[in-house]
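Work through the following exercises with the structure open beside you. Each task is followed by a solution in steps.

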Amino acid sequence: MFTSLAIGGAILGGLGLLFGVILAVANRFLKVEEDPRIEQVEGMLPGSNCGACGEPGCHAFAERLVAGERAPGGCTVSSPDGIVQIASFLGVDAGQEAKRVARLHCAGGLGRARQLADYEGFSGCRAAVVAGGGGKSCSWGCLGLADCEVACTFDAISMNPDRLPVVNVDKCTACGDCVVACPRDLFEILPLDQPLLVQCKTPLSAEAARELCKVACDGCGRCAQDAAPGVIKMNNNLPIIDQNAALTLGDPRATVRCPTGAIRWVTGDQFQDRPAPIREGR
Amino acid sequence: MVSVAKTLQLRTSPHVTSGASVDLIMRHVVWALVPTALFGVYAFGLTAAVTLSAALASCLLAEWLLCKWSEQPSTLSDWSVAVTGLLYGLTLPPGLPVWMTMLGGFIAVGLGKHLFGGLGYNPFNPALVGRAVMQAAFPVGMTTWHAAFGSGRFSSVPSSLFTFPFAAPEYTDALTSATPLAAWKFEHNLAAASDLVMGFTTGSTGETSAVLILLGGAYLAARKMMNWRIPLSIFVTVAVLTFALHLASPEAYPTAPFMLLSGGLMLGAVFMATDMVASPMTTLGVVIYGALIGVLTVTIRLWGGMPEGVMYAILLANAVAPHIDRLVRPTVYGTSGRKA
Amino acid sequence: MRLFSKKTFAHGVHPPEAKEATAGLAIRRFPFPPSLTIPLSQHIGKPAVPVVREGEEVIRGQLLAEPDGFMSVAMHAPASGIVRRIGLMPSASGKMVPGIYLEPFPGSSQEVPDGAGVDLESATADEIIAGIQAAGIVGLGGAAFPTHVKLKIPEGKRCETLIINGVECEPFLTTDHRVMLEQSDDIFMGIRYLMKLTQAAKCFIGIEANKPDAAQHLQDKLPADLQAEVEVAVLPVKYPQGAEKMLITALTGHEVPSGGLPIEVGAVVVNVATTAEIGRLLPVGQGIQERVITVTGPAVKKKGNYRILIGTPLRFILDEVGVEDDIARVFMGGPMMGPAVSSLDIPVVKGTSGVTAFTLREGGDTPPKEYPCIRCAYCVDACPIFLNPSQLGLLAKNGEFATMAEEHHLMDCFECGSCSFVCPSHIPLVQHFRVAKAAVRKAKAS
């Protein structure tokens, strides 16, 4: 009895010892030497692995920071203090990049865009799109079923009472998850400092556009005339904003004569200056 | 001319359904179990009625409470817990103290079903989980059988039924009797096949009448609410194995009809192994699954320490079912088995 | 004729057929609507290019738009009238698509002038293919795949079997049934063109056993010159036997390789109404202006099989036949695969085989309550291509679209709806698969 116990114990103990030695040897010889600063820099990064910087994750970004291939400002999620901290740690320039946020090219929420049919099925924009387009008369507009809100990992998107997604510019990290989630491709990552924004995507013009939605761009082109030369160009009945030109030359006058309010001067979150929703007809 | 001016409803195709629904299937399983349950009450008397009611009530109550506590809408209306409660009650020996029955009911629904996420997510048949826990916790209570067709079974109940919770029940030997399997295993006493078919033997409330169980199963199979390949596969495996063994040594092994008809094999094969959630989905998969249950049952019965093994055989096969599904995938049309 | 053939495909379902209301009604001409909206893309492939200007007067059968390359077909004027506008118009998918707004002349005789026909005796295979493309012919069964594309036999391949698809397995629809009863001469003329073109040794006309009159009629009318090669094959009733792959398997036993075309197993499948149009239009050199559509469903008062102009808006059709007050849902096609439409301004197109309207009584005010999957395996036994819809459904709910495509053959699903039809938990499986397929395609494109 005792002998068998002793043999069992000896075998298990011996095995443990053997594997311990193998592991110790492996650690000694197979260890990959890594710049210790990479780990430290990674610790200063937010660790959300959002990919907004364009790298596969925070570790990869830290590697490129240490290698001097990227500037700390490339991380759009870190606070300015955090970036300064990394910059001083590495002894490099912070290289603050302009903050970019997701913007929605549609303002046709409840009561503004006409609803043709009632979608009945499981919730979600992508689910509604496969059911005859979701029942909204405008086949370019926001369906309001919150696929982007669900997709946003930073809690930056919330649906407003008009069933439009409001992107909180403070929380938005420009990671692009909403851009992928939206089946109507309505999101675009744009610089926050450039407030000129077209909130419509319909290529229809005049009466046809206004019939779809009260805030549709009807392609009149007044904004292009009123803006500084080169800032707005009309294409396919929609104003196309040259972001670089608009950064220096853009001003709110371009939005003044817009008959439907499709082009807006938006400095913070979208849809903040709206009157109470008009609930009528669909 | 009347112009069609209506807001249309948008749904995706198909716009028609076969009319099948979960609650309908579950309701029919309950109907199919009713004859077996009634026969149990007829054979064992008032005590069986009390056991069945206690099992059913405890399962329903557990489901209701668990839904309430997890702040989910009540799922009583899908009838699945009624199936669990009834099946659980039918596997119990009549005369089991009511407090034990109710405890097992809570375990069946709580541990067997809701712990895993409720209907559709339970890897094991919840009724059998309840019974397995009871078997381990109360081995004496779960293997003390009352004789069927006792005189006065409709006027009195055994005193063990209303034992005070956590007190050991007392049994009077005069009322108890051995099941055919135990009689064979421990006394080499083979019951007559005709008695087994009709249910004139002793055992759990719902396991004795093979003919009524098969009738219920045939009804469900005809309505496509039960996969008949599972019981068939179990029966064939058990029959072939036992027949071969009996041929080799008639002294040591019982006959195939005895193995098929005795104990919980009928009830287990027809109503427990066919639990949709815990069984494989493909035709080949269910045949393998049934064969596995058959082999395990025969193994446990003939060479194990216990006289009965259907319950453990089914639970083990339940555990293997997802792996069977992963291994046995049908060949997708036009792929000859290639990957996508 | 094989009247009691047991040949069929594996799995499948048996939805209620609901064809008795219209199966006995002869095809009737539908009135011309006051305006037509004609999409430029009524087929799979590139949209046609308009050859008319806004304000131009056109006569019935005149070319409106020419094909843009091989994977495209022509579009002809469904009626004599004036082109009001060329621009975006609503379509069944919910998207706005480019199209032509045509206003028919009320007083015109609406006569179709003959064009340069394709002579059966002298024409080469390529000339027949060009003739089919010029006639604007697409699969009239619903898929709207350009017919001439599938008839172009690739180098090194041979067409052994030509299959004329008269299965019409979709509930409610009776257009193919009526065409077989009333246009047998056109069908046989079409078969002559197709046999000459494909050089097939054998031709089956596949018909389900619920249309014995059509099978008998075609058998009786089978002309002497076709008797050696053409066989009317009666198949057991099962959905979705009318799907190209299922019909090939039912008749020849071959499986079309995943992602491949029927020609890889030596088969070409053409819908029976498409065949009739080939036989009707090619000898006289005309293009498609109209098609037979079953207008049916519990919400429709004057149900029937109507010859309706391409581009007729649904609103006009439903107003003409009259609908119940509680009309709730309208589909293009039948209830198994037909997409519901969001607006009645959407026109019927070449691929529209039926217009089905349901009231609130069919399916209720809201979709049926969804239960968790109970792994009943009804869907596994229904799926004609042997997928595991239950497992795909669970993956879809978790958003694992890539896994679905890579490991579970999602892209082989052709959305027949059998799994959703049988699901006792009322899980909208097909809708989940459509969402997943769209996501996979979007990921692949980017």
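The model is predicted, and the long-range part of its contacts is a place to begin: in chain A, residues 24 or more positions apart account for 58% of the contacts with a separation of 6 or more.

**Exercise 1. Overall form of chain A**

Task: Set the radius of gyration of chain A against that of a compact globule of 282 residues, and describe the span of its C-alpha trace along the principal axes.

Solution.
Step 1. For a compact globule of 282 residues the radius of gyration would be near 19 Å, whereas chain A has 27 Å.
Step 2. The C-alpha trace of chain A spans about 95 × 50 × 30 Å along its principal axes.
Step 3. Of the 282 residues in chain A, 39% count as buried.
Step 4. The secondary structure of the chain consists of 11 helices and 9 strands.

**Exercise 2. Confidence in chain A**

Task: State the mean pLDDT of chain A, and find where in chain A pLDDT stays under 50.

Solution.
Step 1. Chain A has a mean pLDDT of 84, and 95% of its residues reach 70 or more.
Step 2. Residues 276-282 of chain A are a stretch where pLDDT stays under 50.
Step 3. For these residues the model has 13 contacts beyond four places in sequence.

**Exercise 3. A sheet in chain C**

Task: Give the strand order of the open sheet of 5 strands in chain C, and say which strands stand at the edges.

Solution.
Step 1. The order is β1-β14-β13-β16-β15 (chain C), and the pairing is mixed.
Step 2. β1 (28-29) and β15 (327-332) of chain C each have a single partner strand, so they stand at the edges and one side of each is left without a neighbour in the sheet.
Step 3. β15(C) is joined by 5 bridges to strand β16 (residues 354-359) of chain C, and the two run antiparallel.
Step 4. Within this pair, I327(C) has T359(C) in β16(C) as its bridge partner.
Step 5. Helix α4 (residues 175-182) of chain C lies across β13 (290-296), β14 (304-309) and β16 of chain C. The helix runs at about 125 degrees to β13(C).

**Exercise 4. Backbone geometry in the loops**

Task: Locate the cis peptide bonds that lead to P14(B) and to P240(C), then place two non-glycine residues with a positive phi, N236(A) and A144(C).

Solution.
Step 1. Going from S13(B) to P14(B), the peptide bond is cis, with omega near 0 degrees. P14(B) sits in the loop between β1 (8-10) and α1 (22-44) of chain B.
Step 2. The bond from Y239(C) to P240(C) is also cis, with omega near -5 degrees. P240(C) belongs to the loop between β11 (230-235) and α7 (244-252) of chain C.
Step 3. N236(A) is not a glycine, yet its phi is positive, at about 55 degrees. The loop that holds N236(A) lies between β7 (232-235) and β8 (238-241) of chain A.
Step 4. A144(C), which is not a glycine either, has a positive phi of about 60 degrees. This residue is in the loop between α2 (125-134) and α3 (147-151) of chain C.

**Exercise 5. Buried or exposed?**

Task: Classify N236(A), A144(C) and L318(C) as buried, partly exposed or exposed.

Solution.
Step 1. The cut-offs are 20 or more other C-beta atoms within 10 Å for buried and 12 or fewer for exposed, with partly exposed in between.
Step 2. N236(A) has 11 C-beta neighbours inside 10 Å, so N236(A) counts as exposed.
Step 3. A144(C) has 19 other C-beta atoms within 10 Å and is therefore partly exposed.
Step 4. L318(C) has 23 other C-beta atoms within 10 Å, so L318(C) is buried.
Step 5. L318(C) is part of helix α9 (residues 314-321) of chain C. From L318(C) to E208(C) there are 110 residues in sequence and 29 Å in space, C-alpha to C-alpha.

**Exercise 6. The contacts of chain C**

Task: Describe the side of chain C that touches chain B and the side that touches chain A.

Solution.
Step 1. Chain C has 61 residues in contact with 36 residues of chain B.
Step 2. On this side, α9, β15, α10 (378-382), α12 (401-407), α13 (418-422) and α14 of chain C each supply at least two residues. β15(C) gives the most, with 5 residues.
Step 3. The residues of chain C that touch chain B divide into 39 nonpolar, 12 polar and 10 charged.
Step 4. The contact between chains C and A takes 19 residues from chain C and 15 residues from chain A.
Step 5. Helix α14 (residues 429-445) of chain C gives the most to the side of chain C that touches chain A, with 5 residues.
Step 6. That side of chain C divides into 11 nonpolar, 6 polar and 2 charged residues.

Methods
Residues numbered from 1 in each chain as written. Chains lettered and ligands numbered in written order. Predicted model: local features only at pLDDT ≥ 70, side-chain atom pairs only at ≥ 80, totals over all residues. Contact = placed C-beta atoms within 7 Å. Helix = DSSP H or I, 4+ residues; strand = E, 2+ residues; numbered from the N terminus. Nonpolar A, V, L, I, M, F, W, Y, C, P; charged D, E, K, R; others polar. pLDDT = per-residue confidence, 0-100. Pairing = 2+ DSSP bridges. Axes fitted to C-alpha atoms, helices over the stretch in contact; angles between N-to-C directions. Rg over C-alpha atoms; globule rule 2.2 N^0.38 Å.
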